[in-house]
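This report describes parts of one protein model. Please look over the sequence and the structure before reading on.

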Amino acid sequence: MLPRRFWFPAFALLVLALPLLPVPEFWITQANYIGLYALVSLGLVLLTGVAGLTSFGQAAFVGVGAYTSAYLSVSLGVSPWLTLFIGLALAVVVALVLGALTLRMSGHYLPLATICWGLALYYTMSNMEFLGKYDGILGVPALNFFGMSLADGRAIYVLIWVIALAAALGVTHLLDSRPGRAIRSLKSGSTMAEAMGISTFRYKLTAFVLAAMLASVSGWLFAHLQRTVNPSPFSLGKGIEFLFMAVLGGVGHVWGAFTGAAVVKLVEDQLQVLLPKLIGTSGNFEIIVFGLVLVAVLKYAPEGLWTFVQRWVPSRQRTKDWEGAAPLPARSKPEPGSVLLEAKAVRKQFGGLVAVNDVGFTIRAGDIMGLIGPNGAGKSTTFNLVSGVLPLTSGEVVFRGQNVAGLPSRAIARLGMSRTFQHVKMIPEMTVLENVALGGYLRTSSGVARAMLRLDRDEERRLFAEAEKQLARIGMAGQMHELAGNLALGPQRLMEIARALCTDPSLLLLDEPAAGLRLKEKQALADVLRQLKREGLSILLVEHDMDFVMGLVDHIVVMEFGTKLIAGTPAEVQASPVVRAAYLGTEH
Ligand SMILES: Nc1ncnc2c1ncn2[C@@H]1O[C@H](COP(=O)(O)OP(=O)(O)OP(=O)(O)O)[C@@H](O)[C@H]1O
């Protein structure tokens, strides 16, 4: 069988050779539209399937590309090759403005917002005198490629499919890169990604802009294929159809966009002929069929049709090509025994409830400190205050000499504080290695363009070498190629530690790392933590399990009802009647 790396070139050659074969014109036209639709759906794969942001308004961006080129080339005689870039620039500006306004919305507000701006852009296009209102613009010139006219369907086919295949390749490369993993992390909420130093808003905006650019290129091609533009193909209805294509094909997969575009275009045309004959009257009956199909797909194949094809494609393991890669940059480490973190009168109020009441403690470099206390004592809140997940009501957190109170968690991560979560936060569909590599985000720098062009390979090798090193440090190198979602809880918690270590932290914050673990797993975890301490790492540990903590830590702070009850060595704390009272509920 043909090795996997040759599949794409072979497929691309096959697709691009189509017009040379005696294929009827009708099928070439169909293929042209499939290519155009696939470009828009591909944007939706990135935006909706990967980043988890649902948009009903992509057709409006197709309109931006189409109208820009039609107007500038017809009215002002600008070269269509120039209008492509002007349309792209306009789409980027519109996407940046709309994205800045709407992408901070969550839940169902964002899809509603996309409907609003989809409608707004559509009516803008429909009501502008200079854009020909509902009649649109006629007589759009054909593209001309170095003297060769692309007026013919077969000629423009090559351009459409070169662009569509290049876009598919670019998005595939992107998804397997530093910015791609950041975009993939968006679906699991912002807390973990931000703790790894990722600006989630920036990557939401990136995905949004890229999807708008793909739609705009599709619109440009559309204008010069049809040679006329009017508002109807850019309506909200079409926006919904693009989303339908992506979901039907497989909204989480690059090739799902192509599958969906092909199935919808081909079936739509057949149904448009067949249904009126069957029913005996004309009408858009195919829309009803598509509605029913969508319900069935969502119920029985929520991952889309592409997954049925994918089952026959053997999955490819990442080839280990990072042997001997140069190490990633490391940060300067604090002097052993020096003050690393100082929490000063840290306070958090939730309305009338004082969850953390002027708590203070110090962590020295090389120490493991335990923060313990009964349920609801305020441990997790303190932890979230220190790591920047929650803003303080008052007080100071000084980390490596800098007051970090008020800084967002990604800025604190940048200074060398890294954390794990009480409920494991990971990307289940990524491998263990890729999840750990997320921790190296701040130590690397490749952006979207470098990733799409595959210019980031050297840095990726260095990153994966580091991720494997950290996995080996906690004894999990053997599981690096497994999907993170398939791991048991114990290894998942260890994986989170490896991810935090990949940030090269000076202070590691562990939020109840032993929760839900079996005894053997707890022992393995304790061994790992002791090993890390021997290597000079400082750790703040929030824990419930007293036995686990006592054998491990140098200092303990005990909290109860939001206040610091006592602080001391494990022996002092164990001997304290106050602590026993707090834990066992006896009088003190
Ligand atoms: N976002 C919030 N809004 C309102 N109250 C909160 C919030 N987060 C925590 N609390 C309250 O603050 C108090 C301390 O909670 P916290 O989760 O920090 O305790 P904990 O010691 O970590 O407990 P556990 O061991 O059960 O996780 C509790 O009374 C809790 O109900």
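Strand 5 (residues 368-372) and strand 10 (residues 538-542) run parallel and are joined by four bridges. Within this pairing, Met369 has Leu540 of strand 10 as its bridge partner. Strands (E, at least two residues) and helices (H or I, at least four) are DSSP runs, numbered from the N terminus. Two strands count as paired if DSSP finds at least two bridges between them.

The model is predicted: local features need pLDDT of at least 70, side-chain atom pairs count only at pLDDT 80 or more, and totals for chains, interfaces and linings use all residues. Residues are numbered from 1 along each chain as its sequence is written.

Strands 5 and 10 belong to an open sheet of six strands, in the order 8-9-10-5-11-12, with mixed pairing. Strand 8 (417-419) and strand 12 (563-568) are at the edges with a single partner strand each, so one side of each has no neighbour in the sheet.

The shell around the ligand includes Phe350, Lys379 and His544; a residue is near a molecule if its C-beta atom, placed from the backbone, lies within 6 Å of it. Helix 14 gives the largest share of this shell, three residues.

UniProt, in an unreviewed entry, lists residues 81-101 and 243-266 among others as "transmembrane region". Such annotations may be inferred rather than shown by experiment; feature names are shortened, and positions follow the numbering used here.

| Residues | Helix | Strand | Distance between end C-alpha atoms |
|---|---|---|---|
| 81-101 | 100% | 0% | 31 Å |
| 243-266 | 83% | 0% | 17 Å |
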